[in-house]
Amino acid sequence: MYTIKQVSNIMDVSEHTIRFWAKSGFFPFIKRNENNIRLFSDDDLNWVRIVKCLRSVGVENKSIKKYIDLCVIGDSTIKERYKIIISTKEKALMQMKELKKQIGLLEYKEEFYKDLIENSSEDTWNPMNKK
């Protein structure tokens with residue numbers, strides 16, 4: 001069993017975020033010890049893993065709660081959960097495509113600045129130099 005602090009370290013998510021997610025009902029099976037401290041099992045870590053994944057793609061908490069509730073209902077919701085995962089994956093792929101474009105621009109600017117430094121040139125991209 002793992003404390004929130006341990007889960008935070010294992011999953012690289014802040015303790016505050018883990019607590020918020022727990023209060024939001026994202027971890028339906030976590031237990032509490034005699035001191036009312038939340039304790040996470042290895043299975044609970046899988047819940048944390050999917051919540052972290054969904055949040056990182058930008059899925060709203062309300063939609064995550066819906067997904068968790070469907071999981072708790074059981075196998076009769078597999079098709080609905082599948083659709084959620086597919087649409088989330090599509091969203092992630094679109095974000096990745098956009099990030100690749102942004103990285104391309106950053107790489108261009110990196111080379112641009114490197115060239116400016118090496119050749120002591122003026123920054124023609126800087127609007128302040130166009131006055």
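This passage walks through the nonpolar core, one helix that feeds it, two cysteines and a buried arginine. The model described here is predicted.

A good place to start is the inside of the protein. The largest nonpolar core is made of 23 residues, and I18, W21, F27, F40 and V48 have the most contacts inside it. Four helices each supply at least two residues of this core, namely α1 (4-11), α2 (15-23), α3 (42-57) and α4 (61-73). F27 gives a closer view of the packing: leaving out residues up to four places away in sequence, F27 touches I18, W21, A22, F40, W47, V48 and V51.

Three of the residues touched by F27, namely I18, W21 and A22, are also the buried residues of α2. These three lie on the same side of α2, because they cover an arc of only 100 degrees around the axis. A simple rule of helix geometry helps here: an α-helix has 3.6 residues a turn, so residues three or four places apart point the same way. The buried residues of α2 pack against α1, β2 (38-39) and α3. On the other side of the helix, H16 and K23 are exposed. Just after α2 comes G25, which takes a positive phi of about 85 degrees.

Next come the cysteines. A disulfide is a covalent bond between the sulfur atoms of two cysteines. The structure holds zero disulfides. For C53, the nearest cysteine sulfur is that of C71, 13 Å away, whereas a disulfide needs the two sulfur atoms within 2.5 Å. C71 is likewise in no disulfide, and its nearest cysteine sulfur is that of C53. The surroundings of the two can be described as well. C53 counts as partly exposed because its relative accessibility is 38%. C71, at 19% relative accessibility, counts as buried, since the cut-off for buried is under 20%.

Finally, strand β2 contains a charged residue worth a look, R38. R38 is buried yet has no salt bridge. The nearest side chain of opposite charge belongs to E15, 9.6 Å away, while a salt bridge calls for a side-chain nitrogen and a carboxyl oxygen within 4 Å. What, then, is R38 in contact with, leaving aside its neighbours within four places in sequence? The contacts are Y2, T3, I4, R19, A22, K23, I30, K31 and R32. Two of these names have come up before: A22 is one of the buried residues of α2, and K23 is exposed on the other side of that helix.

Key
Residues numbered from 1 in each chain as written. Predicted model: local features only at pLDDT ≥ 70, side-chain atom pairs only at ≥ 80, totals over all residues. Heavy atoms only, no water. Core = buried A, V, L, I, M, F, W, Y, C linked by side-chain atoms within 4.5 Å. Buried < 20%, exposed > 50% of the residue type's maximum accessible area, 1.4 Å probe, protein only. Contact = heavy atoms within 4.5 Å. Arc of directions from axis to C-beta. Lys, Arg positive; Asp, Glu negative; His and termini not counted.
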